[in-house]
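Here is a short briefing to read with the structure open beside you. Take it topic by topic, and find each place in the model as you go.

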Amino acid sequence: MFLSFLFQTGSASFIWLTSDNMHHQWLLLAACFWVIFMFMVASKFITLTFKDPDGYGAKQEPLILTAVTKVEEVHVPEEKHWPEEFQPTGKAFSGNLIRQPLVHMERLELLRNVCRDTALRDLSHTAVSKFVLDRIFVCDKHKILFCQTPKVGNTQWKKVLIVLNGAFSSIEEIPENIVHDHEKNGLPRLSSFSDSEIKKRLNLYFKFFIVRDPFERLISAFKDKFVHNPRFEPWYRHEIAPGIIRKYRKNRTETKGLQFEDFVRYLGDPNHRWLDVQFGDHIIHWVTYVELCAPCEITYSVIGHHETLEDDAPYILKAAGIDHLVSYPTIPPGITVYNRTKVERYFSGISKRDIRRLYARFEGDFKLFGYREPDFLLN
């Protein structure tokens, strides 16, 4: 009987020990699950805490790289015509900058650095005046601003915006005479809006413009307006050319039309502005990019280059979120390539003094957009 009692007692103790051990195992397992759960919660909290606040919980916008130069960081020249309270702030678009092509990041970084260079201040800064706002075309439907820089393929970009604004359903349908008729092409200028509406668009819209080698652009302007004149704009030959010849031609007995040498001498003259006033808005074909678009005052999203337009055009359309709606017109092979031989030929008969004076005026454009000083100036 005693042995039976011990056996029963031992069995009960074993069962109790086994049960107690299992209880501890379940507690340990529950504790492990609790630790894992708390770690997951903490990880999620950290992720949300360090995520870009502008992008979190908002509709994802097309990826856009914006320059970091803002008007608040720049002292606008005293002769500005734009009220201080309406200076554009250029609020940056949210987006992962790492995904942006390196070349566009470098262009905007270069622009920012040159804008901060006090030695080039007079060549890189301008007032955000009505003249500048007249150059900027608006597409409200897709929140786009395009600054016109003539002689760098702007006609094609206007066609893109005309289609986006709904005036025509395709680029092929747009008559050539409509593109530059601003009463019929459906492209409002930024200057047509109220001050508050201008500021809003400058702050929030995707903004871009195109540049090319400054000297090659001047050659293109000279040929287009004073030699070929394909759009039959007689005032260039009959009004502007005689005005330049009268003041800048050295040999007054020469009866030829405007020569490139006359044109260069006019553009390089520090006192060129008194003629500019007489010529009015026609000067947009040869004034600097700084004077046209105020790149140190307005924060542009992208700056395209004519020399790499085959790559830049699709990139701009994608960055603006419109690549699925319209395509840039076909670019003829070789038309965007920098023609060094042509530039050297045109400047071969120009005195070094006149070339240096011309470069002195356009140095801001060369430096802001990464164009090297012409070799024939260094010889």
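A pocket, as the word is used here, is an open set of grid points where a 1.4 Å probe fits, with protein on both sides within 12 Å along at least five of seven lines. The largest pocket of this protein holds about 1,100 Å³ of space. Please keep in mind that the model is predicted. The protein has 379 residues, and buried ones make up 45% of them. Its secondary structure comes to 16 helices and four strands.

**The largest pocket**

- The lining of the largest pocket counts 42 residues, and those closest to its centre are Lys 151, Thr 155, His 180, Asp 224 and Arg 231.
- Three elements give two or more residues to this lining: α5, α8 (214-228) and α9 (235-248).
- Which element supplies the largest share of the lining? That is α8, with six residues.

**Lys 151, by the pocket centre**

- Lys 151 is one of the residues closest to the centre of the largest pocket, and its place in the chain is the loop between β2 and α5.
- Its phi is near 75°, a positive value in a residue other than glycine.
- Is Lys 151 buried or exposed? Lys 151 counts as buried because its relative accessibility is 17%, and the cut-off for buried is under 20%.

**Lys 158 in helix α5**

- Lys 158 sits in helix α5, which spans residues 154-164.
- With a relative accessible area of 1%, Lys 158 is buried.
- Beyond its neighbours within four places in sequence, Lys 158 is in contact with Phe 137, Gln 148, Val 179, His 180, His 182 and Leu 187.
- Of these partners, Leu 187 lies 29 residues away along the chain, yet the C-alpha atoms of Lys 158 and Leu 187 are separated by 8.1 Å.
- Another partner of Lys 158 is His 180, which is also among the residues closest to the centre of the largest pocket.

**The four-stranded sheet**

- The four strands form an open sheet in the order β1-β2-β3-β4, with mixed pairing.
- Strands β1 (136-139) and β4 (302-305) each have a single partner strand, so one side of each is left without a neighbour in the sheet.
- On average, neighbouring strands of this sheet are turned by 20° against each other, direction ignored.
- As background, strands of a sheet pair through backbone hydrogen bonds, either parallel or antiparallel.
- At one end of the order, β1 and β2 pair in the antiparallel sense over four bridges, and Cys 139 stands opposite Ile 144 in β2.
- These two strands form a hairpin with four residues between them, and Lys 143 in the turn has a positive phi of about 55°.
- Where do the side chains of β1 point? Ile 136 and Val 138 point one way, Phe 137 and Cys 139 the other way, and all are buried.
- Strand β3 (residues 206-211) pairs with β4 in the parallel sense, over four bridges, and Val 211 has His 305 of β4 as its bridge partner.

**Helices that pack against the sheet**

- Helix α13 (residues 309-319) packs on the sheet, where it touches β3 and β4, and its direction makes about 155° with that of β4.
- Helix α7 (residues 195-204) has four residues to look at here, since its buried residues are Ile 198, Arg 201, Leu 202 and Asn 203.
- Those buried residues of α7 pack against β1, β2 (144-147) and β3, as well as α4 (130-133).

**Helix α12 and the loop after it**

- Glu 291 belongs to helix α12, residues 289-293, and is buried, with a relative accessible area of 15%.
- A polar contact of 2.9 Å joins the side chain of Glu 291 to that of Thr 288.
- Not counting residues up to four places away in sequence, Glu 291 touches Thr 126, Phe 131, Val 132, Arg 273 and Arg 361.
- In the loop between α12 and β4 you will find Ala 294, which has a positive phi of about 50° although it is not a glycine.
- Ala 294 is buried, and its relative accessible area is 0%.

**Contacts across the whole chain**

- Of the contacts in the protein with a separation of 6 or more, 73% are between residues 24 or more positions apart.

Key
Residues numbered from 1 in each chain as written. Predicted model: local features only at pLDDT ≥ 70, side-chain atom pairs only at ≥ 80, totals over all residues. Heavy atoms only, no water. Buried < 20%, exposed > 50% of the residue type's maximum accessible area, 1.4 Å probe, protein only. Polar contact = N/O pair within 3.5 Å; in protein donor to acceptor, adjacent residues only side chain to side chain. Contact = heavy atoms within 4.5 Å. Pairing = 2+ DSSP bridges. Axes fitted to C-alpha atoms, helices over the stretch in contact; angles between N-to-C directions. 1 Å grid on protein atoms, 1.4 Å probe; cavity = no way out; pocket = protein on both sides within 12 Å on 5 of 7 lines; lining within 4 Å. Points joined across faces, edges and corners; volume = space filled by probe spheres on them.
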